[in-house]
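User: Please take me through this structure by question and answer, beginning with its strands and then moving on to its helices and core.

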Amino acid sequence: MSIPAFGVGTFRLQGQVAIDSVRNALDVGYRAIDTAQIYENEAEVGQAIAESGVAREDLFVTTKIWVPNTAQGKLVPSLKASLAKLRTDYVDLTLIHWPAPGNGVTVAEFMTALAEAKSQGLTRQIGISNFPIAETRAAIAAVGRDAIATNQIELSPYLQNPTLTAFLKEQGIPVTSYMTLAYGKVLQDPVIGQIAERHDATPAQVALAWALQLGYSVIPSSTKRENLASNLLAQQLRLTADDMAAIAALERNGREVSPEGLAAAWD
């Protein structure tokens with residue numbers, strides 16, 4: 001099993017907007033879909049998949065366990081509820097959404113519960129999200145590094161996380177980048193714009209290609225069909241060593257997401 005390099009995200013998409021986005025994404029060629037319990041759109045994602053006509057075995061569906069559901073007795077029932085909303089017997093990947101160190105549930109407890117969900121066939125792979133090094137080490141101690149399919153973390157040209165990504169590479173844990181466009185901020189960056197112009201590409205394609213060339217998976221979202229289709233073309237874009245160096249120089253620790261009580265101490 002492996003993580004698809006390119007998928008569509010559904011963060012902040014609700015109701016008909018979520019249905020339309022996923023339906024359009026599937027229609028233009030996406031086959032990996034990322035959702036989460038806290039997004040409150042699993043039912044909409046499930047509806048869009050059901051109506052798309054795409055066979056379930058051709059899809060890679062990811063969801064994430066929300067903080068109140070991480071305890072040993074709650075995780076499996078919550079995942080079963082997610083499956084019902086998604087109209088599927090299994091998901092391809094289930095992540096712990098945040099380590100939430102103050103929540104009273106240890107990493108060992110929720111990783112063991114997540115491994116149990118996998119053993120029951122509810123999810124084909126398991127992983128983590130927003131885990132710094134210390135919490136990733138604890139997850140490895142609980143289930144082994146080979147069981148951790150990915151660590152999904154915020155990454156963009158403005159937040160490159162060199163210490164954490166180097167550690168994950170050393171451990172052989174694949175990285176999934178979310179917020180790769182930094183809420184659209186990098187799309188206005190003049191350096192990104194110049195690179196895009198040279199390649200006859202869009203700034204979004206450049207940022208996504210940068211992440212892909214570093215070996216990360218990406219899950220950009222959009223409510224516009226044309227942007228969904230355009231983003232997919234980032235897979236064909238090859239940036240030069242000079243382009244990659246110029247983007248590397250944009251690092252500014254520009255973190256966009258760090259909810260109090262959910263995030264652990266960042267590296």
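User: Which residue in β3 is the bridge partner of I33?

Analyst: This is a predicted model, in which local features need pLDDT of at least 70 and side-chain atom pairs count only at pLDDT 80 or more, while totals for chains, interfaces and linings use all residues. Residues are numbered from 1 along each chain as its sequence is written, and side-chain values use heavy atoms, with hydrogens and water left out. Strand β2 (residues 32–34) and β3 pair in the parallel sense over 3 bridges; two strands pair if DSSP finds at least two bridges between them. Within β3, the partner of I33 is V61.

User: In β4, which residue is the bridge partner of T62?

Analyst: Strand β4 (residues 91–96) runs parallel to β3, and 4 bridges join them. β3, helix α3 (residues 72–86) and β4 also make a right-handed β-α-β unit; right-handed means that, with the strands pointing away from the viewer, the path from the first strand over the helix to the second runs clockwise. The bridge partner of T62 in β4 is L93.

User: How many of the 6 residues of β3 are buried?

Analyst: Buried means under 20% relative accessible area, exposed over 50% and partly exposed in between, with a 1.4 Å probe and protein chains only. F60, T62 and K64 are buried on one side of β3, and V61, T63 and I65 on the other. The strand is therefore largely enclosed by the rest of the structure, the buried count being 6 of the 6.

User: Why do the buried residues of α10 lie on the same side of the helix?

Analyst: In α10 (residues 241–248), the buried residues are D243, M244 and I247. The face turned away from them carries the exposed residues A241 and D242. The buried three lie on the same side because the arc they cover around the axis, taken from the directions from the helix axis to the C-beta atoms, is only 95°.

User: Against which helices do the buried residues of α10 pack?

Analyst: Contact means heavy atoms within 4.5 Å. V206 touches I247, among other residues. The buried residues of α10 pack against α7 (190–199) and α8 (203–213).

User: Which helix gives the largest share of the largest nonpolar core?

Analyst: A nonpolar core is a set of buried Ala, Val, Leu, Ile, Met, Phe, Trp, Tyr and Cys residues joined through side-chain atoms within 4.5 Å. Of the 71 residues in the largest one, F6, I96, M111, V206, L239 and I247 touch the most other members. The largest share of this core, 8 residues, comes from α8.

How values were computed. Helix = DSSP H or I, 4+ residues; strand = E, 2+ residues; numbered from the N terminus. Lists of a residue's contacts leave out its neighbours within four places in sequence.
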